[in-house]
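Please open the model in your viewer and keep the sequence panel beside it. The stops below say what to select next and what is to be found there.

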Amino acid sequence: MSNVTTHKKVRATGRGVLLLIFSLGFLFPFIWMLLVSLRNRVDILDPGNIFAPLTLINYETLFAAGDIFPYFINSAIIAVVNTVFSLVVGTFAAYGFARYNWKKREDRAFFILSQRFLPAMAVVIPFFLMATFVHLLDTVWLLAICYTLFNVPFTVWMMRGFIEDIPFELEEAAFVDGCNRMQTLRQVVFPLVLPGMVATAIFCIINSWNEFVFANFLSVVHAKTVPTSVMMYLSVSGVKWGEMTATGVLAAIPVLVFAVSVQKHMIRGMTFGAVKG
Amino acid sequence: MFSVKGFLQRNGHLKYVAPVMCLMMVLSIIPTIFLIVASFTNYQLGWDFSRAKFVGIDNYIRLFTGADTAFWHSVLISVAFMVVATAIELALGFWIATLLNNSESKLKPLAVGIMILPLAMTPSIAAQVWKLIFNSEYGLLNYILQNTFGFSVTWLGQDMAFWSILLVDLWQFTPFVALILYAGLRSMPAEPYEAAAIDGATSWQMFRFLTIPMLSKLIYLALLLRAVDALKLFDTAFVLTQGGPGNATEFLSLHVFRLANAQNGLVGRASAVAMVLLVIVMVVSRFLIKRQRRAAEVML
């Protein structure tokens with residue numbers, strides 16, 4: 001009997017060690033980014049020097065130059081505009097999908113989902129040409145429009161799940177009490193799905209915050225976003241690793257704060273609402 | 001007699017769904033038509049639209065008669081990348097998910113939290129950090145290799161670049177698969193396993209005939225999301241190698257970019273390649289969506 005328990009203990013320890021190794025592997029690049037951002041230019045080029053003195057010089061340089069601020073402002077504007085729009089349009093559609101039944105419903109839902117799979121690199125050329133035509137090139141508005149391509153399908157699928165979680169009886173009760181659809185939506189459905197909407201909004205913000213292909217192609221000077229800032233640091237004298245990683249840390253902070261705040265819905269967000277984990 | 005009002009009443013969903021349907025049509029079908037038209041022209045960047053001439057299917061003939069070896073190389077490595085990345089991420093993700101599921105450690109939430117980190121990092125910036133780690137002179141990987149085994153590797157050189165990009169992709173998205181499958185494992189009922197244990201099933205049989213079928217919906221979902229995103233891969237490869245050295249890592253997206261960017265500006269030819277990318281992605285996603293839907297229906 002004791003043999004069995006030792007065997008079990010060994011296996012549990014083995015699992016723990018394996019998980020630890022994997023976790024460290026996944027964690028490491030982030031830690032390295034943080035460490036590099038806190039080092040002098042000289043120390044960055046000497047990775048073996050683990051005890052290199054930490055400094056905030058990279059952040060100071062970054063803030064003093066101020067080149068990076070427009071990137072953050074653009075990213076923020078695009079994320080907010082796009083998210084608000086996606087949420088409004090998407091939630092309405094989600095309600096239709098959740099509460100009405102028609103023959104082609106699932107096909108339509110999957111048509112919307114399939115937009116999420118469009119390769120950005122394929123549609124970016126026509127978007128570029130069309131934007132040149134209507135003089136929208138290099139504006140935050142253009143990027144805010146482009147990002148609806150993945151955020152609207154995401155919102156529809158996420159919010160459909162959240163709405164389906166609400167018992168329909170609640171709405172029926174409101175109908176009986178003489179509410180019409182719009183009143184029911186406003187007074188019954190909306191308050192109940194609000195937490196779900198907040199979670200969906202946060203995922204939308206993260207999605208647009210990290211997007212690269214559209215941002216890199218459809219912006220030249222005025223609409224540059226944070227992910228494209230990596231191009232700025234590829235100077236002739238070599239990559240400015242310190243400032244680059246400092247930007248990376250600053251870019252990651254809001255995302256991490258958001259990610260922690262939606263931890264409960266993380267799996268749901270990753271699977272378009274398919275898993276209510 | 002047909003009346004608009006009656007039609008709307010019978011199709012109550014329309015007023016909710018129509019705006020999104022219209023938006024998606026405008027944002028996806030119009031650009032696709034534009035792309036198809038552009039792929040039949042010789043349009044170049046910066047030209048006045050009137051200067052462009054229709055060249056019929058010349059752009060496609062160039063691709064499919066085999067003269068364009070760079071194109072076939074791109075197709076090949078893109079598909080190879082999709083297959084290898086998806087397979088490893090699924091296998092490794094499944095393994096980590098089972099480890100998490102079987103572990104009773106109190107630190108489990110921490111491990112889950114850490115796994116969200118690679119997903120939250122901006123891919124282009126993460127790739128840049130990896131570029132520093134891969135650096136052959138002062139990168140950390142080579143420093144460790146040099147000091148423990150006495151050799152170093154040109155991570156972003158001709159031979160290794162593909163595998164280095166793969167490594168970054170594995171780092172970023174294996175946790176994604178692991179977390180999805182872990183959520184599935186956690187919500188699995190215990191009864192079938194108890195029944196199977198009584199009937200004397202081995203753990204492999206339980207895995208094969210209980211776990212896999214019960215998880216199939218999620219497995220297909222992970223497969224779908226990873227396969228399509230691996231096919232579309234752009235930012236990681238662009239930051240790490242820009243398609244190089246030579247065209248060693250010029251995935252389809254990067255090939256489109258190289259043709260269409262400011263230096264070459266061959267929008268017509270790039271559009272034809274983009275069409276091929278679009279068709280490949282559509283075929284793969286259609287197939288996997290169909291499979292996923294069927295798996296999900298069986299579950300219900």
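Begin by selecting Gln242 of chain B, which in this predicted model sits in the loop that runs between α11 (235-240) and α12 (252-260) of chain B. Its phi is near 55°, a positive value in a residue other than glycine. Most residues other than glycine have a negative phi. Is Gln242(B) buried or exposed? Gln242(B) falls in between and counts as partly exposed, because 14 other C-beta atoms lie within 10 Å, whereas 20 or more would be needed for a buried residue and 12 or fewer for an exposed one.

Now move to chain A and select Asp138(A), another residue with a positive phi, in this case near 65° and again in a residue other than glycine. Asp138(A) belongs to the loop between α6 (120-133) and α7 (140-146) of chain A, and with 16 other C-beta atoms within 10 Å it is partly exposed.

Stay in chain A and select Phe212(A), which is placed in the loop between α10 (181-210) and α11 (213-218) of chain A. Although it lies in a loop, Phe212(A) counts as buried, because it has 23 C-beta neighbours inside 10 Å. If residues up to four places away in sequence are set aside, which residues does Phe212(A) touch? Its contacts are Pro227(A) and Thr228(A) in chain A, together with Pro123(B), Ser124(B), Phe234(B) and Asp235(B) in chain B. A distance drawn from the C-alpha of Phe212(A) to that of Pro227(A) should come to 5.8 Å, for a pair that is 15 residues apart in sequence.

Two of those partners, Pro123(B) and Ser124(B), lead on to the next selection, helix α6 (residues 123-134) of chain B. For its 12 residues, the rule of 1.5 Å a residue gives an expected span of 16 Å, and its end C-alpha atoms are 16 Å apart, which agrees. Colour α6(B) by burial and 12 of the 12 residues come out as buried, so the helix is largely enclosed by the rest of the structure. Among these buried residues are Trp130(B), Lys131(B) and Phe134(B), as well as Gln128(B).

Next, show the whole contact between the two chains, to which chain B gives 73 residues and chain A gives 71 residues. On the side of chain B that touches chain A, the largest share, 13 residues, comes from helix α2 (residues 14-39) of chain B. Sorted by class, that side of chain B has 54 nonpolar, 16 polar and 3 charged residues.

For the nonpolar interior, select Leu143(A), Ile180(B), Val273(B), Ala274(B) and Leu277(B), the residues that touch the most other members of the largest nonpolar core, which holds 167 residues. This core draws at least three residues from each of domain 1 (2-59) and domain 2 (65-270) of chain A. Centre the view on Leu277(B): apart from its neighbours within four places in sequence, Leu277(B) is in contact with Pro119(A), Met121(A) and Ala122(A) of chain A, and with Leu252(B), Ser253(B) and Val256(B) of chain B.

Then colour chain A by its two domains, domain 1 (2-59) and domain 2 (65-270). Their C-alpha centres lie 33 Å apart, and the contact between them takes 9 residues from domain 1 of chain A and 7 residues from domain 2 of chain A. On the side of domain 1 that touches domain 2, the elements giving two or more residues are α1 (2-37), α2 (41-44) and α3 (57-65) of chain A, with α1(A) giving the most at 4 residues. By class, this side of domain 1 has 5 nonpolar, 2 polar and 2 charged residues.

Finally, zoom out and take each chain as a whole. Chain A has 13 helices and 2 strands, and its C-alpha trace spans about 80 × 75 × 30 Å along the principal axes. The radius of gyration of chain A is 24 Å, where a compact globule of 277 residues would have one near 19 Å. Chain B has 13 helices and 0 strands. Its radius of gyration is 24 Å, well over the 19 Å that the globule rule gives for 300 residues, so chain B is more spread out than a compact globule. As for burial, 47% of the 277 residues of chain A count as buried, and 43% of the 300 residues of chain B do.

Definitions and conventions:
Residues numbered from 1 in each chain as written. Chains lettered and ligands numbered in written order. Predicted model: local features only at pLDDT ≥ 70, side-chain atom pairs only at ≥ 80, totals over all residues. Nonpolar A, V, L, I, M, F, W, Y, C, P; charged D, E, K, R; others polar. Domains from an automatic or database assignment. Rg over C-alpha atoms; globule rule 2.2 N^0.38 Å. Expected span 1.5 Å × (residues − 1). Core = buried A, V, L, I, M, F, W, Y, C linked by C-beta atoms within 7 Å.
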